Amino acid sequence: PSPPPPPLPSWPPSSLALVRKLGLVSWSIEQVVSKNVEALLKQRGFAFERVVCSDYGCPQLRKRIIAAPGPLLEHLKQLQSQIDSVTPAKVLVGTLKLPSGALIKIGSAAPIAPHHATMTSPPSAGLV
């Protein structure tokens with residue numbers, strides 16, 4: 001048997017009810033990716049997108065669910081195509097003056113040369 005799904009955070013049901021009650025035209029809600037949150041949004045008829053923060057210029061690899069009116073989500077997708085992806089490794093390479101031959105180690109991944117520092121991996125990083 002599969003384990004029971006984790007409980008929903010307390011905000012989604014009450015926040016979504018408030019959006020409906022007030023008839024808001026422009027709003028957005030962000031949450032860590034979760035099958036339970038996605039199921040709740042689908043069940044209540046709310047539009048949402050999964051996003052990776054680094055795709056929007058934020059130097060972190062977090063995955064999030066953004067719930068918002070459809071036109072706002074469409075605008076978000078259009079903006080993403082105009083933004084350079086930024087990973088923690090790119091930030092390190094861009095700010096550190098690395099000695100010749102230096103390697104960057106990110107999380108449990110194997111060390112990489114700075115010119116390959118666009119890989120997706122856990123956010124902890126350091127020089128090797």
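**Note on the sheet, helix H3 and the nonpolar core**

1. Helix H3, made of residues 70-80, lies across strands S2 and S3. Its direction runs at about 25° to S2. The model is a predicted one, and the points below should be read on that basis.

2. The sheet that carries these strands is open and has 3 strands, in the order S1-S3-S2. Pairing in this sheet is antiparallel. Strand S1 (29-32) and strand S2 (48-52) each have a single partner strand and stand at the edges, so one side of each is left without a neighbour in the sheet. On average, neighbouring strands are turned by 30° against each other, with direction ignored.

3. What joins S2 to S3, and how do the two strands run? There are 5 bridges between S2 and strand S3 (residues 63-67), and the strands run antiparallel. Two of the residue pairings can be named. Arginine 50 has isoleucine 65 in S3 as its bridge partner, and valine 51 has arginine 64 in S3.

4. On the other side of the pairing, S1 is joined to S3 by 4 bridges, and these two strands also run antiparallel. Glutamate 30 stands opposite isoleucine 66 of S3.

5. The two faces of S1 should be kept apart. Ile29 and Gln31 form the covered face, while Glu30 and Val32 form the uncovered one. The residue that stands opposite isoleucine 66, glutamate 30, therefore belongs to the uncovered face of S1, an edge strand with one side left without a neighbour in the sheet.

6. S3 is mostly covered, with 4 of its 5 residues buried. Isoleucine 65, the bridge partner of arginine 50, is listed in the largest nonpolar core, as is Ala67.

7. Which residues make up the largest nonpolar core? This core has 11 residues in all: Leu16, Val19, Trp27, Ile29, Val37, Leu40, Leu41, Phe46, Phe48, Ile65 and Ala67. Helix H1 (11-22), helix H2 (35-43) and S3 are the elements that give two or more residues to it. The most comes from H2, which gives 3 residues. Ile29, on the covered face of S1, is also one of the core residues.

Definitions and conventions: Residues numbered from 1 in each chain as written. Predicted model: local features only at pLDDT ≥ 70, side-chain atom pairs only at ≥ 80, totals over all residues. Heavy atoms only, no water. Pairing = 2+ DSSP bridges. Axes fitted to C-alpha atoms, helices over the stretch in contact; angles between N-to-C directions. Contact = heavy atoms within 4.5 Å. Buried < 20%, exposed > 50% of the residue type's maximum accessible area, 1.4 Å probe, protein only. Core = buried A, V, L, I, M, F, W, Y, C linked by side-chain atoms within 4.5 Å.
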